[in-house]
Amino acid sequence: MKKISCVILGYGDRSSRYAEYAKTAPDELEVIGVIDINELKRHQGKEAFHLQDSQIFESLEQFLQADVKCDVVINGTMDQMHYETTMPLLEKGYNILLENKRLF
């Protein structure tokens, strides 16, 4: 099985849980970047996955300009931000993992 490389967009509760899989199965998933507007969350992601400053992004725009190659972006932004954060990623050709927590 090929190792999947991912970038986390919005290092919050949901996406950090997905990212934890990289720690239990490092031969299957590797976190290669974190995008978050919150400095504390960026720091937490950087420390959790031993990332370099060049792998940490303050905004989606900064990430898109860097043209990072990865297999998937895990979009963990708040549900109401999914459209505005997912569409630019799709337009650049990224695969997306997107979860919508909807209560009926």
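**Close-up views of the predicted model**

**View A. A buried cysteine, C70.**
At 17% relative accessibility, C70 counts as buried. The model shown here, in this view and those below, is predicted. C6 is also a buried residue, with a relative accessible area of 0%. Does the structure hold disulfides, and how many? It holds zero. Why does C6 have no bond to C70? The closest cysteine sulfur to that of C6 belongs to C70, and it lies 7.6 Å away, so the two are too far apart for a bond. For a disulfide, the sulfur atoms would have to be within 2.5 Å. Seen from C70, the nearest cysteine sulfur is that of C6, and C70 is in no disulfide.

**View B. Five strands in one open sheet.**
The strands follow the order β3-β2-β1-β4-β5, and their pairing is parallel. Which strands stand at the edges? They are β3 and β5, the latter spanning residues 96-98. Each has a single partner strand, so one side of each is left without a neighbour in the sheet.

**View C. Strand β1 and its two partners, β2 and β4.**
Strand β1 covers residues 4-9. Five of its six residues are buried, so the strand is mostly covered. On one hand, β1 pairs with β2, residues 29-35, through six bridges in the parallel sense. In this pair, S5 stands opposite E30 of β2. On the other hand, β1 pairs with β4, residues 72-75, through four parallel bridges. Here C6 has V72 of β4 as its bridge partner. C6 is the cysteine of View A, with 0% relative accessible area.

**View D. The junction of β2 and β3.**
β2 and β3 run parallel and are joined by two bridges. To find the pairing, look for I35, which stands opposite F57 in β3. β3 is an edge strand of the sheet.

**View E. Two loop residues with positive phi, H50 and D67.**
Neither H50 nor D67 is a glycine. Phi of H50 is near 50 degrees. H50 sits in the loop between α3 (39-48) and β3 (56-57). Is H50 buried or exposed? It is exposed, at 69% relative accessible area. D67 has a phi of about 55 degrees. Its loop runs between α4 (60-66) and β4. D67 is partly exposed, with a relative accessibility of 40%.

**View F. H82 and its contacts.**
H82 belongs to helix α5, residues 82-91. It is buried, with a relative accessible area of 7%. Which residues does H82 touch, leaving aside neighbours within four places in sequence? The contacts are N75, T77, L98, E99 and N100.

**View G. A single cavity of 30 Å³ or more.**
The largest cavity holds about 40 Å³ of space. Its lining consists of R14, S15, Y18, I74, N75, G76, L97 and E99. Two elements, α1 (13-19) and β4, each give two or more residues to this lining. α1 supplies the largest share, three residues. By class, the lining has three nonpolar, three polar and two charged residues. N75 and E99 line this cavity, and both are contacts of H82 in View F.

**View H. The largest pocket.**
About 450 Å³ of space lies in this pocket. It is lined by 22 residues, of which G10, I37, T77, M78 and M81 are the closest to its centre. Which helices each supply at least two lining residues? They are α1, α4 and α5. α5 provides the largest share, three residues. The lining is made up of eight nonpolar, six polar and eight charged residues. T77 returns here from View F, where it is in contact with H82.

**View I. The second largest pocket.**
This pocket has a volume of about 150 Å³. Among its 13 lining residues, A22, L29, E30, V31 and F49 are the closest to its centre. α2 (21-24) and β2 are the elements that give two or more residues to the lining. Which of the elements gives the most? It is β2, with four residues. Eight of the lining residues are nonpolar, two are polar and three are charged. E30 was met in View C, opposite S5.

Key: Residues numbered from 1 in each chain as written. Predicted model: local features only at pLDDT ≥ 70, side-chain atom pairs only at ≥ 80, totals over all residues. Heavy atoms only, no water. Buried < 20%, exposed > 50% of the residue type's maximum accessible area, 1.4 Å probe, protein only. Pairing = 2+ DSSP bridges. 1 Å grid on protein atoms, 1.4 Å probe; cavity = no way out; pocket = protein on both sides within 12 Å on 5 of 7 lines; lining within 4 Å. Points joined across faces, edges and corners; volume = space filled by probe spheres on them. Nonpolar A, V, L, I, M, F, W, Y, C, P; charged D, E, K, R; others polar. Contact = heavy atoms within 4.5 Å.
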